[in-house]
Amino acid sequence: MARRCLPNPCVMLFLLGMIALPAYPHPGSGIFVDGQERVFFVDTGGGVWRLDPPGNLTLIHRHAYHWMAFDKNGSFANSQALGKFDGGSFELATPPGAVPALIISSDFPVAVGNDGGLYYVPYKESGARELIRRMPDGSRSVFAVLPADTGPEAMRWVNGIALAGDGALYVTDNDAIRRIARDGAVSTIRKGIRADDCSDPPPETPKLPYLRGLAVAQDGTIYAAATGCRSVIAILPSGSPKTVAKAETPWSPTGVALSGRDLYILEYLHTPGGDRRIWIPRVRKVAADGTVTTLATVERARSRQNH
């Protein structure tokens, strides 16, 4: 198992006072794997890491945001359209001009579509949730309107967003998964989702199973981090959800990524309270044969003199 101490103090997450954020704290969920089997993931207490085979960790960006989008064609690599807008902060985690590019987001899950647009759902205190498309030239439009989540409280955001191979976008609510087609048509893939063994949810968890990060395989199978159940579930085009990985307490998954038939999982050490420095991330891999391997765990420096 690869370990690396964080060499510098945490750059605290930029907090926006213009919107009322959810009361519960939550670690980040951005994770992607490139064609060289390098894993990129967000660390809400430290920044953005790159995990190179066979297990070397490198801190590539020091802004500790929650979400990340993989811009494979570099649509925003030289764009001036990123910044602070719609109640969030968006910026490159890779050098200007680098292709592919990584875009990090402070407050909302983000994805870059096949059209090169940046997609996200801003927090909304009331009314319908809007899926926004922002293009590299700075133009902004409402691409789709999402239905309300089922439950006693209105869903004011989405927990995760991912691009599928056919160009459709998928989003997670606490217990539902929606699909937004390339023409903006919205459909509900599954709602009222349940996962096995939710008897020990992490502290301050919203409605179970509390689905967050997701990834969609070429065969249509959807993988989702059921953070409230400390597991990753697979939802086949037909059939009931099944658990494909389980984390031991106090760990819980927040994000997933696919590379071929291998599944990569971002997990966090979930502890009560809002101290992001003690939310330790790790990356695990579920191979096609079901073998689970811990690839790396971030270790914090223990004292200021070690920074």
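1. P100 has its place in the loop between β8 and β9, where strands are DSSP runs of E with at least two residues, helices are DSSP runs of H or I with at least four residues, and both are numbered from the N terminus. The peptide bond that joins V99 to this P100 is cis, with omega at about 0°.

2. This is a predicted model, in which local features need pLDDT of at least 70 and side-chain atom pairs count only at pLDDT 80 or more, while totals for chains, interfaces and linings use all residues. Residues are numbered from 1 along each chain as its sequence is written, and side-chain values use heavy atoms, with hydrogens and water left out.

3. The strands on either side of the P100 loop, β8 (residues 88-92) and β9 (residues 101-105), pair in the antiparallel sense over three bridges; two strands count as paired if DSSP finds at least two bridges between them. Within this pairing, F90 has S105 of β9 as its bridge partner.

4. Both strands belong to an open sheet of four strands, which follow the order β6-β9-β8-β7 with antiparallel pairing. Because β6 (67-71) and β7 (83-85) stand at the edges, each with a single partner strand, one side of each is left without a neighbour in the sheet. Neighbouring strands here are turned by 20° against each other on average, direction ignored; axes are lines fitted to C-alpha atoms, for helices over the stretch in contact, and angles run from 0 to 180 degrees between N-to-C directions.

5. Another open sheet has four strands in the order β2-β3-β4-β5, again with antiparallel pairing. Its edge strands are β2 (31-33) and β5 (56-61), each of which pairs on one side only, and neighbouring strands in this sheet are turned by 25° against each other on average, direction ignored. Strand β4 (residues 47-52) runs antiparallel to β5 and is joined to it by five bridges; D52 has N56 in β5 as its bridge partner.

6. A cis peptide bond also runs from T249 to P250, with omega near 10°. P250 is found in the loop between β21 (242-246) and β22 (251-259).

7. Two residues in the loop between β17 (186-190) and β18 (211-216) deserve a look, and one of them is E204. Phi of E204 is near 55°, a positive value in a residue other than glycine, and E204 is partly exposed, with a relative accessible area of 42%. Y210, found in the loop between β17 and β18, likewise has a positive phi near 55° without being glycine. At 6% relative accessibility, however, Y210 counts as buried; buried means under 20% relative accessible area, exposed over 50%, and partly exposed in between (1.4 Å probe, protein chains only).
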